[in-house]
Structure formats: structure tokens, C-alpha cells
Amino acid sequence: ENGGQYTHAAIWTVIAKVLMGDGDDAFRLLRMLNPLTHAQNLPRYEVEPYVIVADIYSHPQHVGRGGWTWYTGSASWYYRGGVEYILGLRRQGNYLTVQPCIPSDWPGFEITYRHGKSVYHISVENKHGATCGVASVEVDGAPSPDGRIPLVDDSQQHEVRVVMAPQQVETALPAVR
């Protein structure tokens, strides 16, 4: 029921676009689902403009009205779609990986990630307008051959540089075809 009725399925479409390597369309869809987009017409939307809704009604008497706020698990899927799939930030045990799938017009982005008392400053560079694919990862100036970022709780600040590939390449994520 959740996959067919609620906003879950729309967010899963964002994730599917990422898995296909289409960062432009994935981000366009993610923005479309953002409650702030719907809140621009608040009298019609009629719900809190800062909450992911389970439904947006299409019945002629209620077109555009949001429903089931504060109830849906769609908010957590939206967060995962943005952070884990678009930005590509994933924790796997004692490692982070960054495999972004972003719009081609993004020159990059930065993330600050805390692990215990340590702070990781992650800079992603996209000089060639790629949507996905990582050319290199450096941790504290040293190359990471496997692209993983080791997490250590050493109360230090760590610098991570991720450079996106100059052309489209296969990502570490499984392709859906």
C-alpha cells in the first residue's frame, strides 16, 4: 500500500533515476517533492509547508491539497534520496563513501560530517559538468585507492576531496536497466 498510495513511490523514482545515472532528472524530481515547492500556493496546499506529506490530492475539488502530514515514512525516504543518493554520502561500517549523482550544472558541493569528536570536511568538485562518477578521492591529502573514507574518532579535523569524473562513468552503485 505505501509504495502505491503514498509519496514513497515518487521518492523511489528519484532513487531509480540516480541508479540510472540521471542526476539532472533525479534532482528535478526531488525538488518537485519538496514541501516548500507546494507551499508557494499555501491556500491550496492547506498543510504545514515544512512537512513531507503522504498524499497530494488530485480529486477535482481538492487538487493540490496535501494530506497525512506528520504520519508518513516518506520524510525518511526523502532524506535518504537527497543525502544517500543525490549527494551520495553513505556510511558503511567504519567508512564513508561519496558517490554523488548530481545535476550537471552543479560545480560541486561541501558536506561537514561528524564522527564522534572528529569532523570531516568533504569537498566534491565537478569541473566538467558530470552527473555521476568519481575520478578520485583524497583523505587528508593522500589518495584513497578504493574511494573509501576511514572514520576515526581522533578529535581531529579531516579534509576529504572528491573529484568527479570528466565524463560519465559507471558508478559504484548497481545499474538498473
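Start by selecting residues 118-125 and 157-164 in this predicted model. These are strands β6 and β10, which run parallel and are joined by 7 bridges. To find your bearings along the pair, pick H121: its bridge partner in β10 is E159.

Keep β10 selected and add residues 134-139, which make up strand β7. Here the pairing is antiparallel, and 5 bridges hold the register between β7 and β10. A handy marker is E138 in β7, whose bridge partner in β10 is R161.

**Two loops with a positive phi**

From β7, step into the loop that leads to β8 (142-143), and select D140. Its phi is positive, at about 55 degrees, although D140 is not a glycine. Most residues other than glycine have a negative phi. Is D140 buried, partly exposed or exposed? With a relative accessible area of 43%, D140 counts as partly exposed, because that category lies between 20% and 50%.

Now select S155, in the loop between β9 and β10. S155 is not a glycine either, and it has a positive phi of about 60 degrees. The relative accessible area of S155 is 46%, which makes this residue partly exposed.

**A sheet of three strands**

Next, show residues 89-92, 95-98 and 149-150 together, which are β3, β4 and β9. They form an open sheet in the order β3-β4-β9, and the pairing is antiparallel. Which strands sit at the edges? They are β3 and β9, each of which pairs on one side only. Between β4 and β9 there are 2 bridges, and you can locate the contact by selecting L96, which stands opposite I149 in β9.

Stay in strand β4 and click on T97. Its relative accessible area is 14%, so T97 is buried. What does T97 touch, leaving aside residues up to four places away in sequence? The list is G88, L89, R90, Q92, G147 and R148. For a distance to draw in your viewer, try the C-alpha atoms of T97 and E84: these residues are 13 apart along the chain, and the two atoms are separated by 9.6 Å.

**Down the axis of a helix**

Move on to helix α3, residues 23-33, and colour G23, D25, A26, L29, L30 and L33. All six names in that selection are buried residues. Turn the view until you look down the axis of α3: the buried residues fall within an arc of 165 degrees, so they line one face of the helix. The background is simple: an α-helix has 3.6 residues a turn, so residues three or four places apart point the same way.

**A patch on the surface**

Switch to a surface view and select Y57, W68 and Y71. Together they form a nonpolar patch with about 350 Å² of accessible area. One of them, Y57, is found in the loop between β1 (55-56) and β2 (66-67). At 31% relative accessibility, Y57 is partly exposed.

**The whole chain**

Finally, zoom out and show everything. The chain has 6 helices and 10 strands. Of its 177 residues, 42% count as buried. The accessible surface comes to about 9,900 Å², and 53% of this belongs to carbon and sulfur atoms. If you plot a contact map, look at the contacts with a separation of 6 or more: residues 24 or more positions apart account for 55% of them.

Methods. Residues numbered from 1 in each chain as written. Predicted model: local features only at pLDDT ≥ 70, side-chain atom pairs only at ≥ 80, totals over all residues. Heavy atoms only, no water. Pairing = 2+ DSSP bridges. Helix = DSSP H or I, 4+ residues; strand = E, 2+ residues; numbered from the N terminus. Buried < 20%, exposed > 50% of the residue type's maximum accessible area, 1.4 Å probe, protein only. Arc of directions from axis to C-beta. Contact = heavy atoms within 4.5 Å. Areas by Shrake-Rupley, 256 points an atom, 1.4 Å probe, with all protein chains shown as cover. Patch = residues over 30% accessible without salt bridge, like charges linked within 9 Å, V, L, I, M, F, W, Y side chains within 5 Å. Salt bridge = Lys/Arg side-chain N within 4 Å of Asp/Glu carboxyl O.
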